[in-house]
Structures are given as C-alpha cells and as structure tokens.
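Here are my notes on the model you passed along. Have the structure open while you read, and click on the residues as they come up.

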Amino acid sequence: MSEENKAVVSETVSEQPTQEASTSSPDVGALIAESKKYRSRAQDAEARIAKMEKTLKKSEETKLKEKEDFKSLYEKVSSENESLSKTAERWNKYEETKRASLLEKHPEEERESLVNLPLDTLEFVTNKINGAKANAPEVAGNPRGIKEFPADWTTLDPKDAKANWEDIIKSAQARKKN
C-alpha cells in the first residue's frame with residue numbers, strides 16, 4: 001500500500017499545480033487576448049508601413065521617369081537647336097551675299113542709304129529701278145509702236161501671219177476703233 005500512497009501522493013502533488021494554473025487561467029486568458037490585440041495592431045502597422053513603402057517607391061520611380069523625360073527632352077531640344085543654328089547661319093550667309101549683289105547694282109552714292117533696308121525691301125527697290133524700261137521714243141506717224149499690216153492679211157506669207165498674229169489682231173482692233 002505504501003506504493004499506492006506514493007502514487008496517490010504524487011498525483012495529488014501533480015494536481016496541485018494544475019489547480020493553481022486553473023485559478024490563474026482567467027489572468028492568462030486576459031493576457032492572451034491582450035497579446036492578440038497587440039499582435040493584430042502590430043500586423044496592421046506593418047501592413048500600413050508596407051503600403052506606404054510601395055507608394056514611396058512608386059513616387060520615386062515616377063520622379064525618375066520624369067527626370068528621364070526631361071533628359072530626353074533636353075537632348076531633343078539641343079539637337080533641334082543645333083540644326084536650327086546651322087540653318088540660321090546658312091541664311092545669314094545667303095542674306096549677306098544677296099544684299100551685296102543687290103547693292104552692287106546701285107551707284108555708290110545710294111548704297112549708303114540702302115544698306116540699312118531689310119532684304120525684301122532692298123530687293124523690291126532694286127527690281128523696280130532695274131525693271132523700269134525707258135519709254136521708247138515715239139516715231140512720228142506710228143504712235144505706240146503699232147505695226148501696219150496690209151488690209152488683206154490673207155495675202156501674207158503663212159509664216160509671217162503666224163509669227164505676227166497678235167500684232168495683226170491688235171492692228172485690226174485699232175482700225176475698228178477708228
């Protein structure tokens with residue numbers, strides 16, 4: 001029996017700690033609930049941080065893309081600027097050459113006053129001056145250079161009639177008016 005007593009005693013000893021645990025179980029339950037609460041708050045915070053990090057990463061990528069766009073835009077504009085500079089240089093050379101050739105057509109006394117004119121105005125003035133033909137002196141008896149053709153133009157050589165057809169028509173119209 002002593003063995004039975006020892007077993008019972010060991011059982012009672014082992015039961016006593018379980019009784020203490022059962023008496024402290026409401027405190028453990030509260031601690032577990034509180035621990036779960038803290039854990040869920042920590043998980044929520046971690047989720048928000050992860051979300052914010054993703055947003056920050058996206059905004060940094062967007063900024064980098066914009067910087068890349070500015071870089072490519074800068075390269076595009078500088079190449080365009082370079083080509084336009086070449087074109088402007090060629091235009092300036094052309095304008096200088098054209099201005100010199102137009103000014104050579106004028107007497108030296110007039111060149112000083114014409115130097116400051118814009119190219120299109122200088123071109124207009126030069127064409128007006130050079131394009132103005134002196135009036136042919138009128139010959140007595142043949143006003144305005146109208147050629148006289150025979151009254152019967154059908155007797156003309158076909159080559160002459162064809163070559164002077166416009167003059168024949170003008171002559172006929174002039175006779176009709178008189």
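The points below go from the overall picture to individual residues and pairs.

1. First, a caveat: this is a predicted model, so please read everything here with that in mind.

2. On the overall fold, the protein chain has five helices and zero strands. Going along the sequence, the pattern reads α-α-α-α-α. Helix α1 covers residues 2-104, and several of the points below come back to it.

3. How much of the protein chain is buried? Of its 178 residues, 7% are buried. The accessible surface of the protein chain comes to about 16,200 Å², and carbon and sulfur atoms account for 55% of that. As for contacts, take those between residues at least 6 apart in sequence: 26% of them join residues at least 24 apart.

4. Now have a look at H106, which sits in the loop between α1 (2-104) and α2 (108-114). Is H106 buried or exposed? Its relative accessibility is 5%, and the cut-off for buried is under 20%, so H106 counts as buried. Apart from neighbours within four places in sequence, H106 is in contact with R111, L114, L122, V125, T126 and I129. R111 and L114 fall within the range given for α2 (108-114), while L122, V125, T126 and I129 fall within the range of helix α3 (residues 119-131).

5. Which side chain does the side chain of H106 make a polar contact with? The partner is the side chain of T126, at 2.8 Å. T126 is in helix α3, and at 1% relative accessibility T126 is buried as well. Leaving out neighbours within four places in sequence, T126 is in contact with L102, K105 and H106. I'd show H106 and T126 together in any close-up, since both count as buried and their side chains share that polar contact.

6. On to charged pairs. Side chains of opposite charge can pair when their charged atoms come close. The count here is four salt bridges, and I'll go through E82 with K86, R99 with E95, and E123 with K98.

7. E82 and K86 form a salt bridge through their side chains, at 3.9 Å from N to O. Keep in mind that the cut-off is 4 Å. Both residues belong to helix α1, four residues apart, or about one turn of the helix. E82 is partly exposed, with a relative accessible area of 48%.

8. R99 and E95 are also joined by a salt bridge, with an N to O distance of 3.5 Å. R99 and E95 lie in helix α1, again four residues apart and about one turn of the helix. Their exposure is worth a check: R99 counts as buried at 18% relative accessibility, whereas E95 counts as partly exposed at 22%. The line between the two classes is 20%, so these two residues fall on opposite sides of it.

9. Which parts of the protein chain does the pair E123 and K98 tie together? Their side chains meet in a salt bridge at 3.7 Å, N to O. E123 is in helix α3 (residues 119-131) and K98 is in helix α1, so the pair ties together parts that are 25 residues apart in sequence. Both partners are partly exposed: E123 has a relative accessible area of 29%, and K98 has 24%.

10. For aromatics, the count is one aromatic pair. The ring centres of W91 and Y94 are 5.3 Å apart and the planes are at 40°, so the pair is tilted. W91 and Y94 are both in helix α1, three residues apart, about one turn of the helix. Both count as partly exposed, W91 at 45% relative accessibility and Y94 at 43%.

11. Last, the surface. F70, L73 and V77 make a nonpolar surface patch of about 310 Å². V77 is in helix α1 and is partly exposed, with a relative accessible area of 48%.

Notes
Residues are numbered from 1 along each chain as its sequence is written. This is a predicted model: local features need pLDDT of at least 70, side-chain atom pairs count only at pLDDT 80 or more; totals for chains, interfaces and linings use all residues. Side-chain values use heavy atoms; hydrogens and water are left out. Helices (H or I, at least four residues) and strands (E, at least two) are DSSP runs, numbered from the N terminus. Buried means under 20% relative accessible area, exposed over 50%, partly exposed in between (1.4 Å probe, protein chains only). A polar contact is a pair of N or O atoms within 3.5 Å; within protein, one must be able to donate a hydrogen and the other to accept it, and residues adjacent in sequence count only if both atoms are side-chain atoms. Contact means heavy atoms within 4.5 Å. Accessible areas come from the Shrake-Rupley method with a 1.4 Å probe; for residues, only the protein chains shown count as cover. Patches are made of residues with over 30% relative accessible area and no salt bridge: like charges are joined within 9 Å, nonpolar side chains (Val, Leu, Ile, Met, Phe, Trp, Tyr) within 5 Å. Rings of Phe, Tyr and Trp (its six-membered ring) pair if their centres lie within 6.5 Å; planes under 30 degrees apart count as stacked, over 60 as edge-to-face and the rest as tilted.
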